[in-house]
Amino acid sequence: MTSEAVLFQRPQVKTPKPAAAARGQATPGAWGPSALPIIAIDLPVLYEDEGQEEMGEHTIHTLTDDIIRLGLESHLAERPNHHVFSNLNLHYHRIDKNAYISPDEMVVVAELPPHPSMGSYRVGETGPAPILAVEVLSRRTYQQQDVSPTGKPVIYAELGVAEYILVDVRGEFLPQQLLLKRLNEEMQDENGVPTWQDEQDADGGVTSQLGFRLIIEADGQVRVLDATSGRRYLRPEEVEMSRQQAEQRATEAERRATSEAATRQQAEQRAAEAERHAAKEAIARQTLEDELARLKAELAQLRRSPQ
């Protein structure tokens, strides 16, 4: 993994490292109202999507978002305390309770109740701040300060989000198609906020501390991989294709089972018929043998009789 020049970063000043819990990081058993980030006065107050209601997402943005969500869910499926939230309003501001941002994907580590219909997430009330945020750049999201030094990066840094991944599949907004910004607790700006260290793998992908990789494949689409095994997690269309193939295999197996059952039934019927035929032949043979024995006895009797 190689480090590159840090983009969209405020001036760096070496200052003492603040406590992680003060910025809302996922310290076990520590999250709650007291674990809300200490919001600086100049922290951006965003109301994401405001004024953008009529601007639809581009197809590639939606597709990429779905691929990453499904890949993260697959990768973290065996970690019940790791929760993947997609396009959920994240309320982060201690003072302005209405301020929110909507990460395309975020991962929270906490013991949370089932959340199939959760409408929003409030740091310090619903649970701790995310450890990972992913933004898939489009013209709309780019306008909403995904990369601006006065926008989401400073908010995520204040919250203590350990990793911030930017995805620009078509390379329209960043020099890199994939960029991982890792929070640098040792280097802080003049306000005491940790800064970001940009990272990218040699092949252009990025590797998360959660054990997955993002790469851009030959078809131009993003792929989520297991960083250790290299396992390629299925994309939504591949899941659907796999489901259809499984259904086809199940249907074919059912047809084969039905055909085999019919063949077996026919064989059993033939065996029963053969058994009945054999029984008839046995009876006929026994009748002939009895008749032959009777005739032999009668002949013997005649031979012994005097003339």
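**Notes on helix 3, a small sheet and a helix pair**

1. Start with what sits around helix 3: the cover over its buried residues includes strand 4, strand 5, strand 8 (132–136), strand 9 (163–167), strand 10 (178–189) and strand 11 (194–200). Keep in mind that this is a predicted model.

2. How many of the residues of helix 3 (residues 152–159) are buried? The count is 8 of the 8, so the helix is largely enclosed by the rest of the structure. By name, they are Lys152, Pro153, Val154, Ile155, Tyr156, Ala157, Glu158 and Leu159. If you're tracing the backbone onward, Gly160 comes just after helix 3 and has a positive phi of about 85°.

3. Two of the covering elements, strand 4 and strand 5, also turn up in an open sheet of 3 strands, ordered 5-4-7 with mixed pairing. Strand 5 (100–101) and strand 7 (120–122) are the edges, each pairing on one side only. Strand 4 (residues 89–91) runs antiparallel to strand 5, and 2 bridges join them. In that pair, His91 sits opposite Tyr100 of strand 5.

4. Now for the helix pair. Helix 1 (residues 59–75) packs against helix 4 (residues 236–304) at an angle of about 65°, and the axes are 8 Å apart. With 65 to 115 degrees counting as roughly perpendicular, that is the label helix 1 gets relative to helix 4.

5. Which residues make that contact? Helix 1 brings Leu63, Asp66, Ile67 and Leu70, while helix 4 brings Pro236, Glu237 and Val239. Sorted by class, there are 5 nonpolar and 2 charged residues, with no polar ones.

Definitions and conventions. Residues are numbered from 1 along each chain as its sequence is written. This is a predicted model: local features need pLDDT of at least 70, side-chain atom pairs count only at pLDDT 80 or more; totals for chains, interfaces and linings use all residues. Side-chain values use heavy atoms; hydrogens and water are left out. Two strands pair if DSSP finds at least two bridges between them. Helices (H or I, at least four residues) and strands (E, at least two) are DSSP runs, numbered from the N terminus. Buried means under 20% relative accessible area, exposed over 50%, partly exposed in between (1.4 Å probe, protein chains only). Contact means heavy atoms within 4.5 Å. Axes are lines fitted to C-alpha atoms, for helices over the stretch in contact, and angles run from 0 to 180 degrees between N-to-C directions. Angles under 35 degrees count as roughly parallel, over 145 as roughly antiparallel, 65 to 115 as roughly perpendicular and the rest as oblique. Ala, Val, Leu, Ile, Met, Phe, Trp, Tyr, Cys and Pro count as nonpolar, Asp, Glu, Lys and Arg as charged, and the others, Gly among them, as polar.
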